Amino acid sequence: MDLRQYHQPGYVAGRSKAIMLLWWLVQAVVFPLTLHASHAPRRALLRLFGAKIGRQVMIRPTARFTYPWNVEIGDYSWVGDDVVFYSLAPIRVGQHCVISQKSYLCTGSHDILDRRFGLITAPIVIENGAWVAIDCFIAAGVRIGANAVIGARSSVFGDMPAQQVCFGSPCRPIRPRPAEPDRR
């Protein structure tokens, strides 16, 4: 590997460098100063920078978004403290999802066969009702099925099926997620 020759073949961030710098400044200064339980200002800031954020989404002030214009979060979903959306490519989170504390959604990597260490990106999709538990790593190109549970500290490098409890490193489906009746 020769990092002096590093390249990003064909990668476009989607906004100008000035907008990227403005977002990083807003995220570093304004985002963390919002009240912990006051989610509306954070939703508004993300929308201002191009994110598609649904109704009543809860986002903690320590969550981080590399490029919000590549992020879509469905209605009533939650994003916990210290979650990172490394959104070089699109990240789509469905409705009623939970992305728990310290989880890292990573849409970028590098080509290990390329001496120039070329950038590789791929989207992440988390379908409706899924729960990514605390401190999980979700790799580029992964799809997590509807109502799946990804157990704490799991590393997900491939698609996980719907309605399954999955965990481990590497993450694997373990058993069906039981469907409980609505207890309202």
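F137 comes out as partly exposed in this predicted model, with a relative accessibility of 27%. Its ring pairs with that of F157, and the geometry is tilted: the centres sit 5.7 Å apart and the planes make an angle of 45°. F137 belongs to strand β14 (residues 137–138), while F157 sits in the loop between β17 (155–156) and β18 (164–168), so the contact ties together parts of the chain 20 residues apart in sequence. F157 is exposed, at 54% relative accessibility.

That pair is one entry in a longer aromatic list; the structure holds 9 such pairs. Another is formed by W24 and Y67, which counts as stacked because the ring planes are at 20°, with 6.2 Å between the centres. This one also links distant parts of the chain, with W24 in helix α1 and Y67 in the loop between β3 and β4 (71–73), 43 residues apart. As for burial, W24 is partly exposed at 37% relative accessible area, whereas Y67 is buried at 8%. Elsewhere, W23, F31, F49, F65 and F85 are joined into a cluster by ring pairs.

Turning to the helices, α2 (residues 40–48) has R42, R43, L45 and L46 buried. These residues lie on the same side of α2, because they span an arc of only 160° around the axis. Their cover includes α1 (17–29) along with the strands β1 (52–53), β2 (58–59) and β3 (64–65). Just after α2, the backbone at G50 adopts a positive phi of about 100°.

The loop between α1 and α2 offers a neat contrast. H39 sits in that loop and is buried, with just 10% relative accessible area. Leaving aside neighbours within four places in sequence, H39 touches V57, M58, I59 and R60. L33 is placed in the loop between α1 and α2 as well, but counts as exposed at 68% relative accessibility. L33 is also part of a nonpolar surface patch with I19, L22, L25, V29 and V30, and together these residues show about 520 Å² of accessible area.

On the charged side, the whole structure contains 6 salt bridges. One of them joins K102 to D82, with an N to O distance of 3.4 Å. K102 is in the loop between β8 (98–99) and β9 (104–106) and D82 in the loop between β5 (78–79) and β6 (84–86), which puts the partners 20 residues apart. Both ends are partly exposed: K102 has a relative accessibility of 47%, and D82 has 37%.

R143 and E127 make another salt bridge, with the closest N and O atoms 2.7 Å apart. Here strand β15 (residues 143–144) supplies R143 and the loop between β12 (124–126) and β13 (131–132) supplies E127, so parts 16 residues apart in sequence are tied together. R143 is partly exposed at 36%, and E127 is partly exposed too, at 22%.

A further salt bridge connects D135 and R153, whose closest N and O atoms are 2.8 Å apart. D135 lies in the loop between β13 and β14, and R153 in the loop between β16 (149–150) and β17, giving a separation of 18 residues. D135 is partly exposed, with a relative accessible area of 28%, while R153 is exposed at 62%.

Methods: Residues are numbered from 1 along each chain as its sequence is written. This is a predicted model: local features need pLDDT of at least 70, side-chain atom pairs count only at pLDDT 80 or more; totals for chains, interfaces and linings use all residues. Side-chain values use heavy atoms; hydrogens and water are left out. Buried means under 20% relative accessible area, exposed over 50%, partly exposed in between (1.4 Å probe, protein chains only). Helices (H or I, at least four residues) and strands (E, at least two) are DSSP runs, numbered from the N terminus. The arc is that of the directions from the helix axis to the C-beta atoms. Contact means heavy atoms within 4.5 Å. Patches are made of residues with over 30% relative accessible area and no salt bridge: like charges are joined within 9 Å, nonpolar side chains (Val, Leu, Ile, Met, Phe, Trp, Tyr) within 5 Å. Accessible areas come from the Shrake-Rupley method with a 1.4 Å probe; for residues, only the protein chains shown count as cover. A salt bridge is a side-chain nitrogen of Lys or Arg within 4 Å of a carboxyl oxygen of Asp or Glu. Rings of Phe, Tyr and Trp (its six-membered ring) pair if their centres lie within 6.5 Å; planes under 30 degrees apart count as stacked, over 60 as edge-to-face and the rest as tilted.
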